[in-house]
Amino acid sequence: MTTCLEVKQLKIWDAHTGLAIIPASSFEVKRGSCVAIVGESGSGKSLTCRAVMRLNKANLRQSGDIVFNGINLSGLPEKEMRKRRGKQICMILQNGMRAFDPSCVVGVHLKETLAGHFGWSRDEITAKMKAAMESVMLNDPIAVMNAYPHQLSGGMLQRVMIALAIVLEPDLVIADEPTTALDTISQYEVVEQFVRLRNNMGCAILYISHDLGIVRKLADEVLVMKEGEIVERGPAPVIFSEPSHEYTRCLVSSKLSLNHHFTKIMGGGGCAES
Ligand SMILES: Nc1ncnc2c1ncn2[C@@H]1O[C@H](COP(=O)(O)OP(=O)(O)OP(=O)(O)O)[C@@H](O)[C@H]1O
Ligand SMILES: [Mg+2]
């Protein structure tokens, strides 16, 4: 399997205080595979994701190499970066509501995004979005495109984002806690769509989650972060069955019990208790 993303010696620091938040992180995501980042709140998962997109706040500085499809993104001009965001690397965030402009209907945002990347006509865009929305079980795509974000549920907005990713066909999808704001049933549905996204499109996924039940279902490899450092890494089954770092052991045992209800309704690929 070839490498889709290689992060080498990523350092992130606060320019105001000089404090290093991520001292030196290195990891890779193979083409078509799913790598999950888990770890306690504030451990640096979101900063790591945003560093890949080069979208961290201005006070945060970063160094190191972010090699995506053989090109080092660290040295690219912002204009080149913009061409890659969305089309080659797509980010799906925790709160779907924030990803959309509240003042216009969802279809406008989708059309602007797609028109910015491809030379498609309005009709082509509508047809492609309609097919993708139907594939993620948004059964009335035209109504969804004509709705304002606040008129749709969190689960629907996440599925719209996944449908957009299907049309964009990125090589890498970065999902930062995409199900955290959802109720259990919507979480289940959105995770199912991630499984399909990966199976059908073969894109690589970098998936951040607190939820080890979901990670267990989706990820091939797991990185465990604590206070800005990757303290353990390995194939998902090994991390869950034989965690070697004390912190991972603690995380796995506490989270597995919390996830009991979720994994029960997830069926097969869930935790040992289910
Ligand atoms: N703009 C910023 N300036 C300075 N420090 C920041 C900034 N943004 C985040 N941090 C700090 O960096 C650390 C890592 O934050 P990050 O958002 O990556 O954590 P996280 O692992 O995603 O946590 P959570 O699980 O709560 O989302 C935190 O201590 C946070 O306070
Ligand atoms: Mg975060």
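What share of the contacts with a separation of 6 or more lies between residues 24 or more positions apart?

**Exercise 1. Work out the contact share.**
Step 1: contact means heavy atoms within 4.5 Å.
Step 2: take the contacts in the protein with a separation of 6 or more; residues 24 or more positions apart account for 68% of them.

This is a predicted model, where local features need pLDDT of at least 70 and side-chain atom pairs count only at pLDDT 80 or more, while totals for chains, interfaces and linings use all residues. Residues are numbered from 1 along each chain as its sequence is written, and side-chain values use heavy atoms, without hydrogens and water.

**Exercise 2. Test the overall dimensions against a compact globule.**
Step 1: the radius of gyration is taken over C-alpha atoms, and the globule rule is 2.2 Å times the number of residues to the power 0.38.
Step 2: for 274 residues the rule gives a value near 19 Å; the protein has 19 Å, so the two agree.
Step 3: the C-alpha trace spans about 55 × 45 × 35 Å along its principal axes.

**Exercise 3. Find the buried share.**
Step 1: buried means under 20% relative accessible area (1.4 Å probe, protein chains only).
Step 2: buried residues make up 47% of the 274 residues.

**Exercise 4. Describe the lining of the largest pocket.**
Step 1: a pocket is an open set of points on a 1 Å grid over the protein atoms alone, where a 1.4 Å probe fits, with protein on both sides within 12 Å along at least five of seven lines; lining residues have an atom within 4 Å of a point.
Step 2: 20 residues line the largest pocket, and Leu 55, Met 91, Leu 93, Ala 99 and Met 161 lie nearest its centre.

Methods:
Chains lettered and ligands numbered in written order. Buried < 20%, exposed > 50% of the residue type's maximum accessible area, 1.4 Å probe, protein only.
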